[in-house]
Amino acid sequence: MSARSATPTPATSRVMTEALGGSPLSLAVQTRRLPSSLQPGWPSSQEEWQAHVERVRRAQVGDRDTWLDVIRPALAPSGAAAQRLDRVVAGRGIVVTTGQQAGMFGGPLYTLAKAITSLCLADAIEQKLGIPAAPVFWAATDDADFLESSVAPVADADGLQVLKLEKRPPAGTLLSLAPLDGAELKPLLGRLRKACGSAAHAAYFELARTAFTSERTLGDAYVRLLRGLLEPLGIAVMDSSHQAYRDAARPILAEALRRAPEIARATSERGAAIRQAGFEPQVEDDRGLSLVFVLEGGVKRRLTVEEGRRYARADTSRSALLPNVLLRPLVERELFPTVCYVAGPGELAYFTQTNAVAGALGRDPVVGVPRWSCTIIEPFAERALRRLGVQYHEVRDIHALERRLATAALPDNVVAAWKRLQEQVRDSVQVLGTAVRDASLMPPPVIEGLERSLAHRLGRAERRLIAAAKRRDERVRRDLEVVSAALFPMGKRQERVLNYIPMLTRGGEALVEEMKRAAATHVLSLLHAERAEPVAAR
């Protein structure tokens, strides 16, 4: 039904760099098309990066020199990650941050893409600017979206499986407090192990198996897995539910409560300005609510502006305060000598609003850069693509591809007969219409209705023919299922859906290195530099 390639299928995965995508507002941010008053910025040349980095370094005065001592318990760095942070402190260097909320078995692939982008950008800053730089991954275990975090779809040569925790904690429960049930975990780990296949690089599966146990919460397990995966690369992982983080963040959160009315006005005005520019804000304007949550009985509750005033006047030293997504980037920059945040499309969009909050708090605008985006084509998917004779991007519209392949599979005599029938019906209706019009027997709309009715019936018959062709070739049907699950699961981008543990278990360090090479090319475009190589931990 299609041409077969004689080229041998590669034994390793292909890593494809993709456009980041996102909402119209995010795309406008990425292409710098917003009015200057709304546009979140990042340096436009290597010289601007140098100047920006130096500004961040100069801001490290007084207590800022001891920032790592303050936040170290929440980072608990070890190995290459600890060495790199210590080198940054000793050289008055800077930090590149990124992050993501906790997710089952480590979350979707873009979590890893974010972390690798931050690593490559820190590497490039060290090499091109000669300034110590370290990547830090912000594990948002203080998030409470259990439904989103409890799902881990995986794909293999058998198609798509959705691994999901069914036992839900009360609504609003922090992921750091969401318990894991051993009886529920055991079969999910078994299915994850099966999806990993021959487990050529079983250490990656073992990270998930040893992290996700009934002795931990979903948030704790996520941090454990990420530290095992990222620290050897030199990336520290911060647990946003740790008390050291909460203590360090308290001053700016208390300030946000004191200035809640000004912040509310600023975010409302910014939302109106975004709409006036022709876009919808990424975060809805919650009138009457502050940007700070309080933790009550393990459940997050958003404080109102009026409550914020009362909290600001009272002693909140015993209250667990947490930022919302608009305030979090400012908290992060308050704790670290952050040169920029590596952001996904949604985060880039809400930075338009975060910078309004920054202005209300008397802070400089935050700097966010687009993360690297990818699709990984594993050998099993590559083989299916080659059997089908199609390119991976054609799988995006799986229904159109399926129809095209099935149509191509119809026998030649059936195709010819069907074409003749369509032509004969069309010609006959035209002849009938002319005759009826000349004889003035009935209005033209009657014949037009007949034409539409016949076209509808022919369309139904054509779909049945194509369906019959689909059923005849079971191998094609299975290959379509495999490539759809592996590349565009549920009709979405792979990196936004699929968990990466099976990919790493099958691909090993070679896959990680290939991702780093591709991400390094991306960060060169951000720095406007010529070449970057990974920095060895020293």
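So, helices and strands here are DSSP runs, counted from the N terminus, with at least four residues for a helix and at least two for a strand. On that basis, the protein chain comes out with 20 helices and twelve strands. Keep in mind that this is a predicted model.

A few overall values, then. The chain has 538 residues, and 54% of them count as buried. If you take contacts between residues at least 6 apart in sequence, 79% of those join residues at least 24 apart. The accessible surface is about 23,700 Å², with 53% of that belonging to carbon and sulfur atoms.

Okay, pockets. The largest pocket has a volume of about 710 Å³. It's lined by 32 residues, and the ones closest to its centre are Gln101, Val325, Arg328, Glu347 and Tyr350. Who builds the lining? You get at least two residues each from β2 (94-101), α5 (109-129), β3 (133-140), β8 (299-304), α13 (328-335) and α14 (345-360). Of the contributors, α14 gives the most, with five residues. By class, we're looking at 13 nonpolar, seven polar and twelve charged residues in that lining.

Next, the second largest pocket, at about 570 Å³. Here 25 residues make up the lining, and His52, Val56, Arg333, Asp364 and Pro365 sit nearest the centre. The elements putting in two or more residues are α2 (46-58), α13 and β10 (338-343). You'll recognise α13, which also supplies at least two residues to the lining of the largest pocket. In the second largest one, α13 gives the most, with five residues. The class split for this lining is 14 nonpolar, three polar and eight charged.

Last thing, one residue I'd like to zoom in on: Arg259. You'll find Arg259 in the loop between α10 (243-258) and α11 (260-276). Is Arg259 buried, exposed or partly exposed? Its relative accessibility is 29%, and buried means under 20% while exposed means over 50%, so Arg259 counts as partly exposed.

And what does Arg259 touch, once you leave aside its neighbours within four places in sequence? That would be Ala360, Leu361 and Gly362. Take Leu361: 102 residues separate it from Arg259 in sequence, yet C-alpha to C-alpha they are 7.4 Å apart in space. With Ala360 there's a backbone detail too, as its backbone oxygen lies 3.1 Å from a polar atom of the Arg259 side chain. Ala360 also happens to be the end residue of α14, the helix that gives the most to the lining of the largest pocket.

That's what I had, thanks.

How values were computed:
Residues are numbered from 1 along each chain as its sequence is written. This is a predicted model: local features need pLDDT of at least 70, side-chain atom pairs count only at pLDDT 80 or more; totals for chains, interfaces and linings use all residues. Side-chain values use heavy atoms; hydrogens and water are left out. On a 1 Å grid over the protein atoms alone, a cavity is a set of points where a 1.4 Å probe fits but cannot get out, and a pocket is an open set with protein on both sides within 12 Å along at least five of seven lines; lining residues have an atom within 4 Å of a point. Grid points are joined across faces, edges and corners, and a volume is the space filled by probe spheres set on the points. Ala, Val, Leu, Ile, Met, Phe, Trp, Tyr, Cys and Pro count as nonpolar, Asp, Glu, Lys and Arg as charged, and the others, Gly among them, as polar. Buried means under 20% relative accessible area, exposed over 50%, partly exposed in between (1.4 Å probe, protein chains only). Contact means heavy atoms within 4.5 Å. A polar contact is a pair of N or O atoms within 3.5 Å; within protein, one must be able to donate a hydrogen and the other to accept it, and residues adjacent in sequence count only if both atoms are side-chain atoms. Accessible areas come from the Shrake-Rupley method with a 1.4 Å probe; for residues, only the protein chains shown count as cover.
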